[in-house]
Amino acid sequence: MTDNHVRHEDGGNGRRYQSVQCPPLLTLGATRLAEPVATPEPYRPDQLSHTESARLVQAKADAEEALTAYHSRLKTAGDRMVDAWHRAKVGLHGLEGLLARRELGAAARQDRQVQREHATDGVEDRRHRPYWQHQSFVWAVVLISALYDTVFFAGSFRDAIDAPDDVRSVEYWVSFLPGVGIFMALTLAGYWLGVPLFRHRARAERRRWRRQLGWRILLRRVFVMWRPEDEERQPDELPWPSWVLPVSFATLVVGVLAVWAWLRGSHLLNSDLKWPLVGLLVLLSASAIAFKATAHNPAADRATRAGRRQRKVTRRYDRLKARSEKHLAGHEKAWQELHLAVEDAVTGVWRHVTDAWTEIAEGRARHGLTGMVAPGFVTSTDADASARALFVGLTGPSLRLETLRVMQDLLDRHRPEVLIAEQTALTEQLNAQLDAATVDQWPDPAGGPTATQH
């Protein structure tokens with residue numbers, strides 16, 4: 001039989017044993033492997049139990065460990081974004097230099113001034129140069145004339161220095177060296193004649209009155225008094241044309257070439273061709289000089305330089321602007337890549353903390369020690385992920401997320417909006433500079449009755 005959960009057995013001697021109570025059960029207390037001995041008591045919703053605190057500490061360690069997996073991606077994206085920022089700043093620096101030097105406005109003002117000065121030229125625009133007077137064609141004509149004279153006179157030069165006609169001798173090739181001097185002489189004579197010719201034409205075109213001219217007046221002005229009255233040059237007019245040196249030098253060049261042509265023609269068997277040959281060589285040399293002289297047009301050259309300068313500066317502005325926009329687009333893409341990398345890191349880190357709070361909320365719902373009403377959610381827009389909270393009144397341990405703070409600060413200091421605003425301001429200032437240079441400061445003389453006469 002049993003008494004008080006103690007079994008009694010009757011021995012053979014008939015004796016009864018006293019009942020003995022079992023020793024108390026030993027426990028390890030409150031551990032992770034066993035429930036605490038103390039009876040759980042209700043606590044406020046803004047407090048954390050030991051179990052909840054332990055779960056949050058473990059989540060903190062897991063989150064900080066997970067952040068190390070994003071270091072490589074964050075560093076690569078950050079370096080790429082900083083490099084893109086500096087490239088964009090270099091592109092903006094080019095626009096700043098163009099703005100500071102005022103090249104765009106200066107080129108536009110020069111081109112506009114040229115157009116205004118020749119607005120009243122009419123059909124015969126002084127800036128016009130016939131296509132056959134192109135610089136390359138003029139130089140080709142002068143060079144061909146010099147080469148022809150050199151080859152033609154090479155025999156006379158060899159006779160003068162007693163050089164053989166053997167192409168293997170040095171003297172044979174030396175006889176062609178005067179061709180360089182002929183080319184220089186024709187070029188210089190044409191240029192010297194072109195300068196006073198253009199000045200004379202420009203002054204003659206501006207005269208409003210012309211006096212009568214008869215043979216007596218012509219002879220008197222040629223042999224007695226070439227300039228019968230004093231003349232005054234206005235400050236905006238071209239210098240006086242000077243004919244003495246250009247005419248003298250051109251006459252000397254043509255005369256020397258004519259003498260050498262006469263010497264060369266003296267070796268011909270048919271003496272009747274000597275003087276026609278001299279005339280042909282003189283005509284060829286004089287034509288080359290005249291061709292070079294008539295091609296001298298400073299008005300056309302100035303207009304060409306002004307137009308070329310404006311096109312060059314405009315192309316440079318367009319090129320700098322396009323390069324700046326390209327660098328800005330590259331920086332914006334790099335900024336977005338870093339921003340996405342930071343967001344992914346924040347999400348990966350906070351997943352461990354969110355899981356811990358989820359388990360805590362589920363545990364409170366089961367034991368009900370904090371009540372059945374959960375605390376409200378935090379709706380803060382704070383970008384600092386280390387101090388982020390999920391429930392109102394409940395905070396966990398702060399996370400060591402210095403890497404995320406550095407990356408977030410990097411994003412804040414290198415926002416694309418800063419560069420875009422800077423480029424917009426530079427572009428507006430350059431466009432304003434160009435507009436101010438192209439706006440007429442005086443009425444256009446060709447504008448009709450509304451034009452103001454000066």
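A residue is called buried when its relative accessible area is under 20%, exposed when that area is over 50%, and partly exposed in between, with a 1.4 Å probe and protein chains only. The structure in these exercises is a predicted model, in which local features need pLDDT of at least 70 and side-chain atom pairs count only at pLDDT 80 or more, while totals for chains, interfaces and linings use all residues. Residues are numbered from 1 along each chain as its sequence is written, and side-chain values use heavy atoms, with hydrogens and water left out.

**Exercise 1. Describe the overall make-up of the protein, beginning with its helices and strands.**

Step 1. Helices (H or I, at least four residues) and strands (E, at least two) are DSSP runs, numbered from the N terminus. By this rule the protein has 12 helices and 2 strands, and in the order of the elements from the N terminus, β-β-α-α-α-α-α-α-α-α-α-α-α-α, the strands precede the helices.

Step 2. Of the 454 residues in the protein, 30% are buried.

Step 3. A contact means heavy atoms within 4.5 Å. Among the contacts with a separation of 6 or more, 80% are between residues 24 or more positions apart.

**Exercise 2. Glutamate 117 and arginine 302 form a salt bridge; work out which helices this pair ties together.**

Step 1. A salt bridge is a side-chain nitrogen of Lys or Arg within 4 Å of a carboxyl oxygen of Asp or Glu. In this pair the closest N and O atoms are 2.7 Å apart.

Step 2. Glutamate 117 belongs to helix 3 and arginine 302 to helix 10, so the bridge ties together parts that are 185 residues apart in sequence.

Step 3. As for accessibility, glutamate 117 is partly exposed, because its relative accessible area is 36%, and arginine 302 is likewise partly exposed, at 28%.

Step 4. Elsewhere, arginine 101 and glutamate 103 meet through their side chains in a salt bridge of 2.7 Å, N to O, and salt bridges that share partners join Arg101, Glu103 and Arg316 into one network. The whole structure holds 15 salt bridges.

**Exercise 3. Show how helix 12 is placed against other helices, using its buried residues and its salt bridge partner glutamate 422.**

Step 1. Helix 12 covers residues 416-438. The expected span of a helix is 1.5 Å times one less than its number of residues, so the 23 residues of helix 12 should span 33 Å, and its end C-alpha atoms are indeed 33 Å apart.

Step 2. The buried residues of helix 12 include Leu419, Leu426 and Leu430, and its buried residues pack against helix 2 (71-101), helix 3 and helix 10.

Step 3. A salt bridge joins lysine 89 and glutamate 422, with the closest N and O atoms 3.2 Å apart. Lysine 89 lies in helix 2 and glutamate 422 in helix 12, so this pair ties together parts that are 333 residues apart in sequence.

Step 4. Alanine 436, also in helix 12, counts as exposed because its relative accessibility is 55%. Its C-alpha atom is 9.2 Å from that of alanine 108, although these two residues are 328 residues apart in sequence.

**Exercise 4. Classify the aromatic pair of tryptophan 132 and phenylalanine 291, and then the pair of tryptophan 357 and phenylalanine 391.**

Step 1. Rings of Phe, Tyr and Trp (its six-membered ring) pair if their centres lie within 6.5 Å; planes under 30 degrees apart count as stacked, over 60 as edge-to-face and the rest as tilted. The whole structure has 5 such pairs.

Step 2. The rings of tryptophan 132 and phenylalanine 291 have centres 5.7 Å apart and planes at 35°, so this pair is tilted. Tryptophan 132 lies in the loop between helix 3 and helix 4, and phenylalanine 291 in helix 9, so the pair ties together parts that are 159 residues apart in sequence.

Step 3. Tryptophan 132 is partly exposed, at 38% relative accessible area, whereas phenylalanine 291 is buried, at 15%.

Step 4. Tryptophan 357 and phenylalanine 391 form an edge-to-face pair, with 5.7 Å from centre to centre and 70° between the planes. Both tryptophan 357 and phenylalanine 391 are buried.
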